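Ready for some practice at reading a protein structure? Work through each exercise with the model open beside you, and try it yourself before you read the solution.

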Amino acid sequence: MCIRDRSNIRITARVVGHIDGESVNASGAVELNAGGTIRDLLKQADRALGVKKQKPFKRAFRQGVRPVVLLNGDRIELPEENDRVLSDGDEVSIILTLAGG
């Protein structure tokens, strides 16, 4: 039986798409302190999900096209909502779109 610290929240984080021509698909649970924000999640997600070397969460926002960010299925705008407080059980998805025409 796993006992979690009640002062922490667990967020499901995922990033999918292409970064620098490479396919990216990382997801899993990230534990944050209660009161944690989107900004906190993005700072900790790469390490928490074991993809620190690839850094897909960090690199997602350094691409030429702004990614789509969903909180529980609803689109949110970053960086405007970086300080939005997350709740236990929230799901944050980052979808890297392709540019073209």
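**Exercise 1. Find the volume of the largest cavity, then say which residues line it.**

Step 1. This is a predicted model, so keep that in mind throughout. The largest cavity holds about 40 Å³ of space.

Step 2. Does that pass the counting rule, and how many cavities of 30 Å³ or more are there? The count comes to one.

Step 3. Now pick out the lining: Phe61, Arg66, Pro67, Val68, Val69, Arg75, Ile76, Glu77 and Leu78.

Step 4. Look at where those residues come from. E3 and E4 each supply at least two residues of the lining. For orientation, strand E3 covers 68–71 and strand E4 covers 74–76.

**Exercise 2. Describe the largest pocket and the elements that line it.**

Step 1. Start with the volume, which is about 350 Å³ for the largest pocket.

Step 2. Next, find the residues around it. The lining has 15 residues, and the closest to the pocket's centre are Leu42, Lys43, Asp46, Phe57 and Lys58.

Step 3. Sort by element: H1 and helix H2 (56–59) are the ones that give two or more residues to the lining. H1 gives the most, with six residues.

**Exercise 3. Work out which elements build the largest nonpolar core.**

Step 1. Get the headcount: this core has 24 residues. Val15, Leu41, Leu86 and Val92 have the most contacts inside it.

Step 2. List the elements that give two or more residues: strand E1 (8–19), strand E2 (22–33), helix H1 (38–48), strand E3 (68–71) and strand E5 (91–95).

Step 3. Which of these gives the most? That's E1, with five residues.

Step 4. Zoom in on Val15. Skip its neighbours within four places in sequence, and valine 15 is in contact with Val24, Asn25, Ala26, Pro56, Phe57, Ala60, Ile94 and Leu96. Phe57 is a residue you've already met, among those closest to the centre of the largest pocket.

**Exercise 4. Decide in which sense E5 pairs with E1, and in which sense with E3.**

Step 1. Take E1 and E5: they pair in the parallel sense over five bridges. To see one spot, find alanine 13, whose bridge partner in E5 is valine 92. Val92 also turned up in the core, as one of the residues with the most contacts there.

Step 2. Take E3 and E5: four bridges join them, and they run antiparallel. Here, leucine 70 stands opposite serine 93 in E5.

Step 3. Put it together: E5 pairs parallel with E1 and runs antiparallel to E3.

**Exercise 5. Trace some of the salt bridges and say what they connect.**

Step 1. Recall the basic idea: side chains of opposite charge can pair when their charged atoms come close. A search of the whole structure finds eight salt bridges.

Step 2. Try glutamate 31 and arginine 10, whose closest N and O atoms are 3.3 Å apart. Glutamate 31 sits in strand E2 and arginine 10 in strand E1, so this pair ties together parts that are 21 residues apart in sequence. Glutamate 31 counts as partly exposed because its relative accessibility is 33%, and arginine 10 is also partly exposed at 33%.

Step 3. Go on to aspartate 83 and arginine 39, which meet at 3.0 Å, N to O. Aspartate 83 is in the loop between strand E4 and E5, while arginine 39 is in helix H1, 44 residues apart. Buried or exposed, what is aspartate 83? It's exposed, at 52% relative accessible area, whereas arginine 39 is partly exposed at 33%.

Step 4. Add glutamate 81 and arginine 84, with their closest N and O atoms 3.0 Å apart. Glutamate 81 is partly exposed at 25%, and arginine 84 is partly exposed at 37%.

Step 5. Finish with a network: Arg66, Arg75, Glu77 and Glu80 are linked by salt bridges. Arg66, Arg75 and Glu77 are also among the residues lining the largest cavity.

**Exercise 6. Place glycine 21 and say how exposed it is.**

Step 1. Glycine 21 is in the loop between E1 and E2.

Step 2. Its relative accessible area is 70%, so glycine 21 is exposed.

Step 3. Finally, compare positions: glycine 21 and glycine 64 are 43 residues apart along the chain, and their C-alpha atoms are separated by 12 Å.

Methods
Residues are numbered from 1 along each chain as its sequence is written. This is a predicted model: local features need pLDDT of at least 70, side-chain atom pairs count only at pLDDT 80 or more; totals for chains, interfaces and linings use all residues. Side-chain values use heavy atoms; hydrogens and water are left out. A nonpolar core is a set of buried Ala, Val, Leu, Ile, Met, Phe, Trp, Tyr and Cys residues joined through side-chain atoms within 4.5 Å. Buried means under 20% relative accessible area, exposed over 50%, partly exposed in between (1.4 Å probe, protein chains only). Contact means heavy atoms within 4.5 Å. A salt bridge is a side-chain nitrogen of Lys or Arg within 4 Å of a carboxyl oxygen of Asp or Glu. Two strands pair if DSSP finds at least two bridges between them. On a 1 Å grid over the protein atoms alone, a cavity is a set of points where a 1.4 Å probe fits but cannot get out, and a pocket is an open set with protein on both sides within 12 Å along at least five of seven lines; lining residues have an atom within 4 Å of a point. Grid points are joined across faces, edges and corners, and a volume is the space filled by probe spheres set on the points.
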